[in-house]
Amino acid sequence: MFIHKIDEEVSLKMLEMKDAKKIFQLTDLSRNYLREWLPWLDRTTKIEDTQAYIQHCLNGFADNASMTTVILYQGEIAGVAGYNQINWANKTAYIGYWLGEETQGNGVMTKVAKALTDYTFNELHLNKVEIRAAVANKKSRSIPERLGYVNEGCIRQAEWLYDHYVDHIVYGMLAEEWEKKRV
């Protein structure tokens with residue numbers, strides 16, 4: 001089992017089928033909160049939906065096309081983060097994340113995004129990381145901004161969110177830029 005310890009409170013653990021119940025419970029507890037920015041909540045109504053998601057993620061990992069982890073905060077599952085897609089041809093990883101409502105405001109996701117960015121460049125040896133967030137999703141956008149990602153622009157009507165489209169801001173970080181920040 002892969003566990004990447006970020007600090008004393010935060011770790012990343014490879015997603016496993018045995019995590020389905022806890023992830024579904026966390027999803028259910030944070031449903032109204034998460035629904036504001038995530039389009040899949042209405043399709044996740046029973047534990048089997050979470051199990052299907054986990055299987056999809058495991059298949060993506062087996063195909064070397066993605067990597068999904070659970071976020072452990074103080075030893076408990078607090079959210080999900082990872083690479084929604086890894087484009088090996090263009091050497092780019094696309095980070096996605098969500099955190100349960102109770103854990104918000106503790107700096108957890110900034111630590112997680114920083115760790116995933118480090119991993120992208122130092123372990124996967126890719127050239128670029130992208131994070132996308134809805135224009136009005138200030139909490140999600142603050143994470144790449146805090147880490148010094150470059151705002152590369154807006155994709156209009158990038159995502160259908162239940163009954164309306166939302167525009168996305170694309171944030172990017174290049175390996176050479178990240179290396180300069182570490183010095």
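I looked first at the start of the sheet, where I3 stands opposite K13 in β2. The model is predicted. Three bridges join β1 to β2, the latter covering residues 10-14, and the two run antiparallel.

Next I traced the whole sheet. I found it open, with eight strands in the order β1-β2-β3-β4-β5-β6-β8-β7 and mixed pairing. I noted β1 (3-5) and β7 (150-161) as the edge strands, each pairing on one side only. From one strand to the next the twist averages 25 degrees.

Then I turned to the helices on the sheet. Helix α1, residues 20-29, packs on the sheet and touches β3 (67-73), β4 (76-87) and β5 (92-99). I read an angle of about 100 degrees between the direction of α1 and that of β4. Helix α4, residues 108-122, also packs on the sheet; I listed its contacts as β1, β2, β3, β4, β5, β6 (128-134) and β8 (164-174). The direction of α4 makes about 160 degrees with that of β5.

I went on to the nonpolar cores. Nonpolar side chains tend to be buried together in soluble globular proteins. The largest core here has 31 residues, and I71, Y83, I95, V112, L116 and Y149 touch the most other members. I checked which elements supply at least two residues each to this core: β2, β3, β4, β5, α4, β6 and β8 do. The most comes from α4, which gives six residues. Apart from this core I found another, of 18 residues, with L41, V70, L161 and V166 among them.

I looked at α5 separately. In this helix, residues 138-146, I found S140, R141, S142, I143 and P144 buried. The buried residues of α5 pack against β5, α4, β6, β7 and β8. After α5 comes G148, and I noted that its phi is positive, near 85 degrees.

Last, I went through the cysteines. How many disulfides does a search of the whole structure find? The search finds zero. I also looked up the accessibility of two cysteines. C57 has a relative accessible area of 6%, so I entered it as buried, the cut-off being under 20%. C154 is at 43% relative accessibility; because that lies between 20% and 50%, I entered C154 as partly exposed.

Conventions. Residues numbered from 1 in each chain as written. Predicted model: local features only at pLDDT ≥ 70, side-chain atom pairs only at ≥ 80, totals over all residues. Heavy atoms only, no water. Pairing = 2+ DSSP bridges. Helix = DSSP H or I, 4+ residues; strand = E, 2+ residues; numbered from the N terminus. Axes fitted to C-alpha atoms, helices over the stretch in contact; angles between N-to-C directions. Contact = heavy atoms within 4.5 Å. Disulfide = S-S within 2.5 Å. Buried < 20%, exposed > 50% of the residue type's maximum accessible area, 1.4 Å probe, protein only. Core = buried A, V, L, I, M, F, W, Y, C linked by side-chain atoms within 4.5 Å.
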